[in-house]
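Me: I would like to go through a structure with you, one topic at a time. Could you take my questions as they come?
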Amino acid sequence: MNFTTETKEKIIDDMCKMIQCATVSYQDDELVDWSQYEKFQNLLRRNFPTIYQKCDFFKVGKTGLVHKISGKNAETQNKCANVLMAHYDVVPVTEGWDHDPFLGEIVDGYLYGRGAIDTKCTMICALSALEKALETIDTDNLTVEDIITENIELKEAMKELNNYNKFRI
């Protein structure tokens, strides 16, 4: 898959905006700023419109997001899904940052911020590739499940998804 310079710039801009969402998770839910999770979820809807147009979407738990394409061909329906998975929560900030951990700034060609490596970067790659693919491919022959959640909640989200038979694990 080839990306134009414009698409690459969009991916970098999207990643900076994701980092600017301070989706910090804590064991104690009372410490969590849920508005940052909502901000992040709204960002996904705005920046990946094709995914939201062509995929079934549902939420799982407090932060879990699932985008699902169920191919319509019988042969496709009997196959296991391609699963794209990432989490978007980050651990609380500790001392030692030379750059604002939630500014999402590029300095000397490097992107700085919470989640730049673990795993908002994985998410942006998966979502960007899926968005690009959905613009051109026939989804009748495709089964994909994109699972995005907070790391702490991942195990619970997977159980809940399995209980609702939304997809096979």
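Reply: The turns below cover the core, the charged residues, the cysteines and the backbone of this predicted model.

Me: Which residues in the largest nonpolar core touch the most other members?
Reply: They are Met 18, Leu 44, Ile 51, Met 123 and Leu 127, within a core of 27 residues.

Me: Which elements give two or more residues to this core?
Reply: Four helices and two strands are listed: H1 (5-19), H2 (34-47), H3 (49-54) and H5 (120-134), together with strands E2 (64-69) and E6 (144-149). H5 gives the most, with five residues.

Me: What does Leu 44 touch, leaving out residues up to four places away in sequence?
Reply: Leu 44 touches Met 18, Tyr 52, Leu 65, Leu 127 and Ile 148.

Me: Staying with H2, is Gln 36 buried or exposed?
Reply: Gln 36, which is in helix H2, counts as buried at 17% relative accessibility. Apart from neighbours within four places in sequence, Gln 36 is in contact with Gln 20, Cys 21, Ala 22 and Thr 23.

Me: On to charges. How many salt bridges are there?
Reply: The count comes to three. Lys 10 pairs with Asp 14, with the closest N and O atoms 2.5 Å apart, and Lys 17 pairs with Asp 13 at 2.9 Å. Asp 29 forms a salt bridge with Lys 62 at 2.2 Å.

Me: And where does that Asp 29 pair sit in the chain?
Reply: The pair links distant parts of the chain, 33 residues apart: Asp 29 is in the loop between H1 and H2, and Lys 62 is in the loop between strand E1 (56-60) and E2.

Me: What separates Lys 10 and Asp 14 along H1?
Reply: Lys 10 and Asp 14 are four residues apart in helix H1, so about one helical turn separates them. Lys 17 and Asp 13 are likewise four residues apart in H1, about one helical turn.

Me: Is Asp 14 buried or exposed?
Reply: Asp 14 counts as buried, at 4% relative accessibility, whereas its partner Lys 10 is partly exposed at 38%.

Me: What about Arg 114, which has no salt bridge: where is the nearest side chain of opposite charge?
Reply: That side chain belongs to Asp 118, 8.5 Å away from the buried Arg 114. Arg 114 is in the loop between strand E5 (110-112) and H5.

Me: Which backbone oxygens does the Arg 114 side chain reach?
Reply: The side chain reaches the backbone oxygen of Val 91 at 3.2 Å. A polar atom of the Arg 114 side chain also lies 2.8 Å from the backbone oxygen of Pro 92. Beyond neighbours within four places in sequence, contacts of Arg 114 include Ile 19, Trp 97, Phe 102 and Lys 120.

Me: New topic: how many disulfides does the structure hold?
Reply: The structure holds zero disulfides.

Me: Why is there no bond between Cys 121 and Cys 125?
Reply: The sulfur of Cys 125 is the closest cysteine sulfur to that of Cys 121, but at 6.4 Å it is too far for a bond. Cys 121 is partly exposed, with a relative accessible area of 21%, while Cys 55 is buried at 9%.

Me: Finally, the backbone. Which peptide bond is cis?
Reply: The bond from Asp 118 to Thr 119 is cis, with omega near -20°. Thr 119 lies in the loop between E5 and H5.

Me: What is the phi of Asp 108?
Reply: Asp 108 has a positive phi of about 55°, although it is not a glycine. Most residues other than glycine have a negative phi. Asp 108 is in the loop between strand E4 (105-107) and E5, and it is exposed, with a relative accessible area of 74%.

Definitions and conventions. Residues numbered from 1 in each chain as written. Predicted model: local features only at pLDDT ≥ 70, side-chain atom pairs only at ≥ 80, totals over all residues. Heavy atoms only, no water. Core = buried A, V, L, I, M, F, W, Y, C linked by side-chain atoms within 4.5 Å. Buried < 20%, exposed > 50% of the residue type's maximum accessible area, 1.4 Å probe, protein only. Contact = heavy atoms within 4.5 Å. Lys, Arg positive; Asp, Glu negative; His and termini not counted. Salt bridge = Lys/Arg side-chain N within 4 Å of Asp/Glu carboxyl O. Polar contact = N/O pair within 3.5 Å; in protein donor to acceptor, adjacent residues only side chain to side chain. Disulfide = S-S within 2.5 Å.
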